[in-house]
Amino acid sequence: MPAVTLYHNPRCSKSRATLSLLQENGIEPDIRRYLDEPLTEAEIRALLKKLNISAIEMMRTKEAEFKELGLSKESSDDALISAMVSTPKLIERPIAETETAAAIGRPPENVLELLA
């Protein structure tokens, strides 16, 4: 089984469900509480590459902070990544990552593709 890091918010039901699903499948992930230990720009860029998505697809666009920061779906990836670094609440959750791939756990079953 691959080593898995889970970018986790324990207050989020999807994040808790994803953690349970991983554990039910024999995976005890390294947990990173990204709100307490924010990701760096380099870490976000690496995750985006593994997820194979644009920055906007990794953002919680309905959070008040998204609008407060003057962001939109047309904002540049650099602006969006900078916002995720400064305001980690904007990062979609949860994200499970292995050495070679990553998946957003919405729905939680999405992370099972990492275990194949």
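Asn52 sits in the loop between α2 and α3. In this predicted model, Asn52 has a positive phi of about 60 degrees, although it is not a glycine. That is worth a second look, because most residues other than glycine have a negative phi. Is Asn52 buried or exposed? With a relative accessibility of 67%, Asn52 counts as exposed, because the cut-off for that label is over 50%.

**Two cis bonds**

Backbone oddities don't stop there. Most peptide bonds are trans. Here, though, a cis peptide bond joins Arg93 and Pro94, with omega at about -15 degrees. Pro94 belongs to the loop between α4 and β3. Another cis bond runs from Arg106 to Pro107, and its omega is near 0 degrees. You'll find Pro107 in the segment after β4.

**The overall picture**

Let's step back and look at the whole chain. How many helices and strands does the protein have? The count is four helices and four strands. Read from the N terminus, the order of the elements is β-α-β-α-α-α-β-β.

As for size, the C-alpha atoms fill a box of roughly 40 × 25 × 25 Å along the principal axes. The radius of gyration is 14 Å, and this agrees with a compact globule, because a globule of 116 residues would have a value near 13 Å. Of the contacts between residues at least 6 apart in sequence, 61% join residues at least 24 apart.

Buried residues account for 44% of the 116 residues. On the outside, the accessible surface comes to about 6400 Å², and carbon and sulfur atoms own 47% of that. Charges come as 15 positive and 19 negative side chains, and the centres of these two sets are 6 Å apart.

**What's inside**

In soluble globular proteins, nonpolar side chains tend to be buried together. This model has a largest nonpolar core of 21 residues. Which of its members touch the most others? They are Ile44, Met58, Met59, Met84, Ile91 and Ile95. Three elements give two or more residues to this core: α2 (41-51), α4 (77-86) and β4 (102-104). There is also a second, separate core of eleven residues, with Leu22, Ala96, Leu114 and Leu115 among them.

Met84 makes a handy place to start exploring the largest core. Setting aside neighbours within four places in sequence, Met84 is in contact with Ile44, Ala55, Met58, Met59 and Ile91.

**Touring the loops**

Now for some individual loop residues. Thr98 is placed in the loop between β3 (95-97) and β4. Although it is in a loop, Thr98 counts as buried, because its relative accessible area of 6% falls under 20%. What does Thr98 touch, once residues up to four places away in sequence are left out? The answer is Pro2, Ala3, Val4, Lys50 and Leu114. Leu114 is also one of the residues in the second core.

Ser76 is found in the loop between α3 (64-68) and α4. Ser76 is partly exposed, at a relative accessible area of 41%.

Arg33 and Pro10 make a nice pair to look at together. Arg33 is in the loop between β2 (30-32) and α2, while Pro10 is in the loop between β1 (5-7) and α1 (13-24). Arg33 has a relative accessible area of 43% and is partly exposed. Pro10, with 30% relative accessibility, counts as partly exposed too. Not counting neighbours within four places in sequence, Arg33 is in contact with His8 and Pro10. With such neighbours again left out, Pro10 is in contact with Arg16 and Arg33.

Here is how some loop residues pair up with residues elsewhere along the chain, going by their C-alpha atoms.

| Pair | Apart in sequence | C-alpha to C-alpha distance |
|---|---|---|
| Ser76 and Ser54 | 22 residues | 9.8 Å |
| Arg33 and Asn9 | 24 residues | 5.8 Å |
| Pro10 and Arg33 | 23 residues | 7.9 Å |

Terms used: Residues numbered from 1 in each chain as written. Predicted model: local features only at pLDDT ≥ 70, side-chain atom pairs only at ≥ 80, totals over all residues. Heavy atoms only, no water. Core = buried A, V, L, I, M, F, W, Y, C linked by side-chain atoms within 4.5 Å. Buried < 20%, exposed > 50% of the residue type's maximum accessible area, 1.4 Å probe, protein only. Contact = heavy atoms within 4.5 Å. Rg over C-alpha atoms; globule rule 2.2 N^0.38 Å. Areas by Shrake-Rupley, 256 points an atom, 1.4 Å probe, with all protein chains shown as cover. Lys, Arg positive; Asp, Glu negative; His and termini not counted. Charge placed at Lys NZ, Arg CZ, Asp CG, Glu CD.
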